Every structure is written in structure tokens, then in C-alpha cells.
Amino acid sequence: MITLALSKGRIFEETLPLLAAAGIEVTEDPEKSRKLILPTSRPDVRVVLVRASDVPTYVQYGGADLGVTGLDVLLEHGSEGLYQPLDLRIAQCRLSVAVRADYDYAHAVRQGARLAVATKYLGLAREFFARKGVHVDLIKLYGSMELAPLTGLADAIVDLVSTGNTLRANHLVEVERIMDISARLVVNQAALKLKREPIRRIVDAFASALPQN
Ligand code: ADP
Ligand code: PRP
Ligand code: MG
């Protein structure tokens, strides 16, 4: 049995075409079912649904053989015990710093001000500002980061940006692009040895079906 960990929403939706290329069809809709283990058209393959931030943990400890996870989640979690054979080029976005449109970020940085930064990416944010030599007080949030500068909770946020619609809708502007993000296939290193052939076939099928851009 091969177990693939996915999160509901964009990762699940955007992985479906890659699974199809591997001859794997998920036979139940996760938005309609409460089941956390979904069967597929292949009796030897199942999908487990976990929170996006839990995918690396499941694969690392062998709760799943493979998983699809954002580079943001992977870097924040650490990739010990994980083999990363493919950039899937799905769920594309970027990790950025954003502030209120009326906040002079460049000036604050030049002045050596201490910035309050709200984010769910404490590790990535700490590393980015340390490399820049900017002192920060990090505030851990679990979502709706865009609200923090609007309520006075923080001067800036570190969050994902794709179309920029969420920033615009909240009168925020992007002031730094930290890195480009896309989803990665991760494989448990022990599973790769024990189930080499079936895993290799799935990796190869995904590789041949990747989006072009
Ligand atoms: P969560 O519930 O953790 O927010 P998501 O399904 O929104 O889960 O995000 C899963 C992954 O998809 C993220 O780790 C990131 O890599 C990517 N992602 C998040 N937001 C966007 C977006 N707006 N556009 C494209 N990719 C995104
Ligand atoms: C993500 C991210 C931003 C938004 C950026 O939120 O946390 O808020 O997308 O995308 P945009 O630039 O295209 O507007 P998501 O849609 O995943 O909502 P949630 O994580 O809060 O459920
Ligand atoms: Mg999200």
C-alpha cells in the first residue's frame, strides 16, 4: 500500500491532474465527505487528508509515504528524513513582506527601527530579517495575517502573495519579495527504499505531467 498525504483545497485540487497522469483517480470528494482516508481507483494507493502544515510531519515519520506540500511549509518545518524529488510547479505564490500603504517601511528600516512583524512563518521571517540586519519582534499568528497591520497589532506581515488581491482589499502593499514558492513532492526516505518501484513509477508519472510554466 502507498499512502499519499494531501491537504484539502488548492493542493488537493492541483494535485489531481498529476495523479491522473499516474493512473490514480481519487474516488471520493473531500469537500463532500468527512472521511480522512480516501480510496483511489488503484487498490494499492490511498490518500490521507491532513492540515497543510502537517504534511511534512506525516511523511517524515512514515504516516504517509509521499506528500505534496508548499515550499513555505517545508522550509519552516525542516526537511529532515524527507527526499524531495520534484518541484511540482503548482500552488505558485511568493513569500513577501507587506505593510499598510501609509507606512514608510524603507524609512523605518533606514532609521534602524524595531519592527513588529506578524506571521505564521516565524523561522523564515527571523532568518530573512536577521540577514538584512533589521531588528524585529515576531508575533505568531495562524491566519488572517493581513489584519495585523490594520489593527495596530504589527507594523508588517510576512505572508504569501499570489494575485495581490488580498493585500489590495486590505490597503496593504508588498515591500519585499522574500522568495518564490511552489508545491513540492516529498517522500519518506525509508519508504523510498522499501517501496522503490511503485514510488518511482508515481514520481516519474508526476514528472512527465508537470505544468509548463
Ligand atoms: P492553509 O490552510 O494552511 O492556508 P492552503 O491550502 O491555503 O492551506 O495552502 C497550502 C499551500 O498552498 C501553502 O503552503 C502555499 O505553498 C500554497 N498557497 C497558499 N496560498 C496560496 C495562494 N494564494 N496562491 C497560490 N498558492 C498558495
Ligand atoms: C492565502 C494567503 C493570502 C492569500 C494571497 O490565503 O495567506 O492571504 O492567499 O493570495 P492573493 O494574493 O491571490 O490574494 P488563503 O486563500 O489560503 O486563505 P486562508 O489560508 O486564510 O484560508
Ligand atoms: Mg491558505
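**Note on two sheets and their helices**

1. In helix 9, the buried residues are Ile199, Ile202, Val203, Ala205 and Phe206. Buried means under 20% relative accessible area, exposed over 50%, and partly exposed in between (1.4 Å probe, protein chains only). Seen down the axis of helix 9, these buried residues fall within an arc of 165°, so they line one face of the helix. The arc is that of the directions from the helix axis to the C-beta atoms. An α-helix has 3.6 residues a turn, so residues three or four places apart point the same way.

2. A word on the model and its conventions. This is a predicted model, in which local features need pLDDT of at least 70, side-chain atom pairs count only at pLDDT 80 or more, and totals for chains, interfaces and linings use all residues. Residues are numbered from 1 along each chain as its sequence is written, chains are lettered from A and ligands numbered from 1 in the order in which they are written, and side-chain values use heavy atoms, with hydrogens and water left out. Helices (H or I, at least four residues) and strands (E, at least two) are DSSP runs, numbered from the N terminus.

3. Which exposed residues sit on the face of helix 9 turned away from its buried side? They are Arg201 and Ser208. The length of helix 9 also checks out: at 1.5 Å a residue, its 13 residues (196–208) should span 18 Å, and its end C-alpha atoms are 18 Å apart, which agrees. The expected span is 1.5 Å times one less than the number of residues.

4. What do the buried residues of helix 9 pack against? Their partners are strand 1 (2–6), helix 1 (10–21), strand 4 (66–70), strand 5 (82–87), strand 11 (183–188) and helix 8 (189–194). Contact here means heavy atoms within 4.5 Å.

5. Now the six-stranded sheet. It is open, has the order 2-3-1-4-11-5, and its pairing is mixed. Strand 2 (37–39) and strand 5 stand at the edges with a single partner strand each, so one side of each is left without a neighbour in the sheet. Neighbouring strands of this sheet are turned by 30° against each other on average, direction ignored. Two strands pair if DSSP finds at least two bridges between them. Strand 2 and strand 3 (residues 45–49) pair in the antiparallel sense over three bridges. Ile37 stands opposite Val48 in strand 3.

6. Two helices meet this sheet. Helix 1 packs on it, touching strand 1, strand 2, strand 3, strand 4 and strand 11, and its direction makes about 140° with that of strand 1. Helix 9 lies across strand 1, strand 4, strand 5 and strand 11, running at about 30° to strand 5. Axes are lines fitted to C-alpha atoms, for helices over the stretch in contact, and angles run from 0 to 180 degrees between N-to-C directions.

7. Is strand 7 (residues 115–119) enclosed or open? Five of its five residues are buried, so strand 7 is largely enclosed by the rest of the structure. Leu115, Val117 and Thr119 point one way from strand 7, while Ala116 and Ala118 point the other way.

8. Strand 7 belongs to an open sheet of five strands, with order 8-7-9-6-10 and mixed pairing. Strand 8 and strand 10 (172–181) are its edge strands, each pairing on one side only. Strand 7 pairs in the parallel sense with strand 8 (residues 136–140) over five bridges, and with strand 9 (residues 156–161), also in the parallel sense, over three. Val117 has Leu138 as its bridge partner in strand 8 and stands opposite Ala156 in strand 9.

9. Last, helix 5 (residues 122–132). Its buried residues are Leu124, Ala125, Phe128 and Phe129. Seen down the helix axis, they fall within an arc of 120°, so they line one face. On the other side, Ala130 and Arg131 are exposed.
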